[in-house]
Each structure stands twice: as C-alpha cells, then as structure tokens.
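Here are a few exercises to work through with the model open beside you. Try each task before you read its solution.

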Amino acid sequence: MTELHAPLVVFTPSGKRGRVPVGTPVLEAARRLGVDLDSVCGGRGICSRCQIAPAFGQFAKHGITSTEAALSDWNATEARYAEKRGLAPGRRLGCQARILTDVVIDVPPESQLHRQVIRKDAEARPVEMDPALRLCLVEVAPPDMHAPSGDLERLTEALRAQWDIEGTTIEPALLASLQRTLREGNWTVTAALHRSSAETAPRITALWPGLLEGDLLGLAIDLGSTTIAAHLVSLRSGDVLASAGAMNPQIRFGEDLMSRISYAMMNPGGAAEMTAAVRAGLNSLVQDIAAKADIETGRILDLTLVGNPVMHHLLLGLDPVELGQAPFALATSSAQNLPARDLGLTALPPGAQAYLLPLIAGHVGADAAAVALSEAPDRSEDLVLTVDVGTNAEILLGNRRRVLACSSPTGPAFEGAQISSGQRAAPGAIEAIRIDPDTKEPRFRVIGCELWSDAPGFAEATARSGVTGLCGSGIIEAVAEMRMAGLVDAGGLIGSAQQTGTPRMLPEGRTHAYLIHDGSAAGGPVITVTQADIRAIQLAKAALYAGARLLMDEMGVDKVDRVVLAGAFGAHISPRHALVLGMIPDVPLARVTSAGNAAGTGARIALCSLAARRRIEALVQQITKVETAIEPRFQEHFVAASAIPHASAPFAETRRATPLPEPSFNTEGPRRRRRQTTTESAARRPAAAARGRQLAVASPAPPDREKSAPRPLDVPAPPA
C-alpha cells in the first residue's frame, strides 16, 4: 500500500500524526510517531498500561472521519483481560488493537509514560470570609402527641428561635434521612445552611447527628480547555487544604475551542458527548482531591467554577454552536446558582451547591471574570495589562476609570502542542533553556530536576525520567534564546550552520533546525527547534500581542504602565523571554510580574465570599468588550507582531536590557519567500477551515524592507 493510501492516525492530546501500514498495532504506531504511550509488558497484553480510547466521528480539523471500523475487532487477549481485570467502556489495549483506516486515538493520562504536571497552584491570598455555607448546632424539640408537628417543622422553628433564621427550606434528598438523624443525635443536630445570596432564605443542605467536628469544605475549580485545576478550601479559614489537576477529557474531541464547536456541529449528539466527558473528568477529580486530603466527599458542600464560554456551556449541557459564528451569542451570561447534581457531579453529596461566575461576553468567559476579581484592575491607579494565556488568551486592560477585555486565539503552541519536539508539562520535559551567544551551546533544565544540564550529576538525576521533549515554557524560552543568540533573525528565519557558525544547525530540506539535545545513543529522542516550530510560536505570540494592542487602541494609549502574566504561562515563563519574543507590549522588565493561577484564585475568592460574588457580578456589567474576530486592525497588528520582537514598535526598554543581534538569513529574495509562504499557507488550510474561516494572508514585504519585516503568516481564525 502506498504512503498516500496508508491509514492516517492522529493521537491526542499530543496532536502527533502520521500514516502507518494497515494492520499496525496502535502501540507500534505510537512509538513510530514519538507518542507518549506506556507499556511494561512489551505488548503482550498483560500490564494494561497501553490503554487507549479511540474517538469516532467527523474531525474537520484533522480532515478525517474516524469510525468504529478503524480498529481491528477485540481479540482473545483483550477479551481475557477485560474478563479478569476489566476495561473501562470505550478503552482498548494499544498493543492488541490494529489500525485499519483513518482514526483519532486519545491517550488518557494514566497511559502516558510521562504524566502531565498540572501547574496551576493556588496562590495564597487573604480573603474576608463570608461563605455561602454556615454550620448551626440546633436543639430540636422532640415530638409531642399533644402538639402534633412534623420533624422538619420543629427543626425550622428551632433555627428561628435559636439562630434567628427565618424561612429555612431543606434539600429534598435530606427528608429521607431527617428522622433518623434527629434521633441518632438525641434531638441535637448540626445543620449546614446554604445561601445563594445575602438576601435569600437559607437552605439546609446537610445534617449530622450531634456536634460536627471539623470544617465544611468547598472546591474552587478552574475548568480550562486543556487542563482542569481544583483547590480544596476550608470554608472556615479560607486555607487551601489540597490542590489537584487533570487533563480535560474533552481534548480528544479537539485541542482548541473551535475544533470542539466544529465537532458539535458535525456530529449529532457531539455536544452531549463532550458534556458527559467533562462531567466524568470532574467527578474523578473530586475523588482524587478528597483522597489526597484524606477527607470524606460528604464534607464538600459548595463549589465555584470558572471557564471560558465554550467550557461553561458544555458543562451546563448547553449547545456551544452559536459561539462559533457571529454574533457569538451566549445562551446566558449571568452567574448561575444550582445544585451540583444538576451538573452531573455525583461524586459530591446530594446537597452540594455550585456557583458559576458570570461571563463577560461571547469570547470572554468566567475565567476572565475570575482574573478580574483576583487582580482588580478596576481598583488600579496605573494602567495595567493582565494576560491569562492558554489555548485561548484572555486579556484585560484597565484602571479605576475604565476596564477593557478581549480574547485572542493563541492556539495550543504555548502549551507544547503542534511543536515537533513538544509535549505537555511532565517529568523530563525541558522547561527552561539558555543559549550561550558566543558558543551557541545550550544548557537546559527539565521538570523534576533542579540541576541544569551542564551541572555535575544531571545525567544521574534525570536517569529515570530522561530528557523527553519541550513543554510550553521550554519552547518559548528556546525561541527567545535563539533570537538573543543570533540563531534566528527578526523575521523568524533560522540560519544555517555556515551563517551562524555552529554545527548545531541541522538542514531540513530548504530550512534548518537547531539541535538542543541528542538522546539517540541511549534510545532517547532528538530534540530540536524547527522552522515550523518558530512559525507556530510566531503565530501564537502575534495573536496575543495583537489582542493587547487592540485594547490599547481602544483606550487611546501607546504604552501601559505594567503587565501581569496570569495562569500557568505567567508562573513559568520569565518576563525577559516574553518581552524578547514580543508577546506583550514593551515595558521595563521590573514592571512585568506573575499572578500565578489568577483564575483559580478568583474562583477561590468567590467560594469564600458572597460579597465577592456580588462584586464580580457588578463588575462584568462595567467591562467593555473588544471583539477581535471582527476588528480589521487585528490583522494589521498581527502582521507587525509576527516579527521578533516586532516589525515597527521599537521595544526600546527590552533592547536596553537585552541587546538583540540583527542577522538576516533570507538570502534568496522575495520570489522564493512568496513561493514558500504559499506552500505554508496551503498546508494550514485544513486547520483554518476547521476553525470557521481562513483570513487573508499578508503580502510579502517589499525588497527594501526585508531585514525588518516579518515573513508573511496566516492570521488566525476568530477566537472562542
């Protein structure tokens, strides 16, 4: 069978893809393509570590239809394993399932050899405690034949008399156990009362016999398109007792938001599939964090959730299709108070309540609202730009006088996806890198080891994990370091070995790649930064800068006073590298700070304070939304920002702190550049179509501007 007719296999969440001969075992295909699929038994169907989950349906982003006939039927080995040890529904053994036709295959976290480190820790932040939940110890009068009354009525009367609480209602599920609880406590019980606001009557959501020792707990959840982070919080002190994270299981339906909307549009029941997947992921995460903290899930009675509009709608079971096309209409933008069971969160007790923060607009969600609650740009005297970067960037610009917001389609490159040596953040992934500007030699640090690669003992310290690839922070720093070392010119073109003076520049057809690490002698990967990787980072960072620049245009300013980097990006990318790349507007280095997981912090603040909920509900009504998807200036800013750091903005502060060499590696003139741009653009068309539309390709710069102008790049599709 020719290469053209060989089945195409796409692995998620890595995004790695390739054609393999018919009948190739999934495990073998994964190894050929460098996919992180675990196996201990050597493919004999014993260890079960190579479990995979084939995904079926139309995947416009990948240009294929994946059907149940894509893999071979169950064989005797799988049947025997399932009978003796069990396989979750939809799972196959990668060593036994063989590829017959085009297929999309998800590698679940537990099957990944290097499991992701979800780097979204909760930032310690003082909060004025005013939670929606409170505990009340109540002494209830026993029943009296001469004054007939129900147990519930005497309980609510006791709350009125002893706590001055009027109008109490009860969660219907508690009625079945009410009488038993009262008698077990000898007519003394501890009641958990929940208020959705200070004005509403409280609701009894849990009861315990006698005096309950310890605290009630809540969960603050940041539901990202790629990762989910949860923080277990004491509702008495506000302290974070435990944090846990997981990959969003929806990623098998598409890495970016437009791909998931496309899946919902093209596959009947697709939205319901994604809703079920994320709810199952949340239930698993609840159990994980309870086990980590060694507590009973029955104590977790309140939770707050934040996420972008697509995640918000899918969690609620709402169709996200309208968010994929103008005017990007939300089903609802209001804050939601509802029982957790209505979200399918069966791992929590029946009385648990959920609060979803309000959305700002069709492309700017509750996660951006949570960042606004955490960072309070509306209370800032100076003009602050707050950037929360994930697969979709949310950007806030403001001060006491006005706050603006937008989203920008950065794509998954910042998280290591669609990068030749890219991977999710996991032990062994390069997270930081430095390149000597004189020798052009790299040194790096990997997740799980504090030593740099040129330090004594590095090989021994990383023997178990190995050096496996580049995570998001690693690829960002690598591109910035290559620019600072003169290995990449301002237009993003990688130089040859002759042009740069280092044999680490490897020819790849008409382009070159920079060799960071060669582990092939020990059976490890060869880790490089290719020309395609540079382009992916240029696309992402240009989209980010263009969004920020649009907000500055709307505000009528050419500079900001300070920049706050939020999210996992902000916590692990050095401000210096962000400025050198031109990801953010030029400011003095000292004026760039990290806010950590600001969305998670905002969710925790809302969990601990009803006043904070009222505040953010009012604030989102005052924020002005700038729509990047229909703003003509977005393309103009995007093209200029594709240069490193920028084609026209001087970036004087950055150059003052970090002098940048100015090589020019484009020696063949505009004709070849036009030809290669057309080829690159054509290769990107399927992905652009999957995101809704392809915008115009920028025209090449005239010859007299070749040294400063960027190579033409596709403008990304509208964000979601």
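**Exercise 1. Two rings and their surroundings**

Task: decide whether Phe444 is buried or exposed, then classify its ring pair with Phe458.

Solution. Start with accessibility, remembering that this is a predicted model. Phe444 has a relative accessibility of 4%, so it counts as buried. Its partner Phe458 is buried too, with a relative accessible area of 7%.

Next comes the geometry. A pair of aromatic rings is described by the distance of the centres and the angle of the planes. For Phe444 and Phe458 the centres are 5.8 Å apart and the planes stand at 80 degrees, so the pair is edge-to-face; the cut-off for that class is over 60 degrees.

Finally, place the rings in the chain. Phe444 belongs to strand E24 (residues 442–446) and Phe458 to helix H9 (residues 458–461), so the pair ties together parts that are 14 residues apart in sequence.

**Exercise 2. A second aromatic pair**

Task: find how many aromatic pairs the model has, and describe the one formed by Phe59 and Tyr263.

Solution. The count comes to five aromatic pairs. In the pair of Phe59 and Tyr263, the centre-to-centre distance is 5.3 Å and the planes make 40 degrees, which is a tilted arrangement. Phe59 sits in strand E5 (residues 57–59) and Tyr263 in helix H5 (residues 257–266), so this pair links parts that are 204 residues apart in sequence. Both Phe59 and Tyr263 are buried. Together with Phe253, they form one aromatic cluster.

**Exercise 3. A sheet and its helices**

Task: work out the strand order of the six-stranded open sheet, then see which helices lie on it.

Solution. The order is E30-E29-E20-E21-E22-E31, with mixed pairing. At the edges are strand E30 (592–596) and strand E31 (624–625), each paired on one side only. Take E30 and its partner, strand E29 (residues 562–566): they are parallel and share four bridges. Here Val563 stands opposite Val592 in E30.

Now add the helices. H8 lies across strand E20 (384–388), strand E21 (393–398), E29 and E30, at about 40 degrees to E21. Helix H12 (residues 531–555) also packs on the sheet, touching E20, E21 and strand E22 (403–408), and its direction makes about 25 degrees with that of E21.

**Exercise 4. A helix crossing**

Task: describe how H8 and H16 cross, and with which hand.

Solution. The axes of helix H8 (residues 366–375) and helix H16 (residues 610–619) come within 10 Å and cross at roughly 115 degrees. The crossing is right-handed. H8 contributes Ala369, Ala372 and Leu373 to the contact, while H16 contributes Ala612, Arg615, Ile616 and Leu619. Sorted by class, this contact has six nonpolar, no polar and one charged residues.

**Exercise 5. Unusual backbone**

Task: look for departures from the usual backbone pattern, in which most residues other than glycine have a negative phi and most peptide bonds are trans.

Solution. Begin with the peptide bonds. The bond from Thr12 to Pro13 is cis, with omega near 5 degrees, and Pro13 lies in the loop between strand E1 (8–12) and strand E2 (17–19). Another cis bond joins Ile644 and Pro645, with omega about 5 degrees.

Then turn to phi. Trp187, not a glycine, has a positive phi of about 70 degrees; at 15% relative accessibility it counts as buried. Lys440 has a positive phi near 65 degrees and lies in the loop between strand E23 (429–435) and E24.

Definitions and conventions. Residues numbered from 1 in each chain as written. Predicted model: local features only at pLDDT ≥ 70, side-chain atom pairs only at ≥ 80, totals over all residues. Heavy atoms only, no water. Axes fitted to C-alpha atoms, helices over the stretch in contact; angles between N-to-C directions. Helix = DSSP H or I, 4+ residues; strand = E, 2+ residues; numbered from the N terminus. Left-handed = near helix turned anticlockwise from the far one by under 90°. Contact = heavy atoms within 4.5 Å. Nonpolar A, V, L, I, M, F, W, Y, C, P; charged D, E, K, R; others polar. Pairing = 2+ DSSP bridges. Phe/Tyr/Trp six-rings, centres within 6.5 Å; stacked < 30°, edge-to-face > 60°. Buried < 20%, exposed > 50% of the residue type's maximum accessible area, 1.4 Å probe, protein only.
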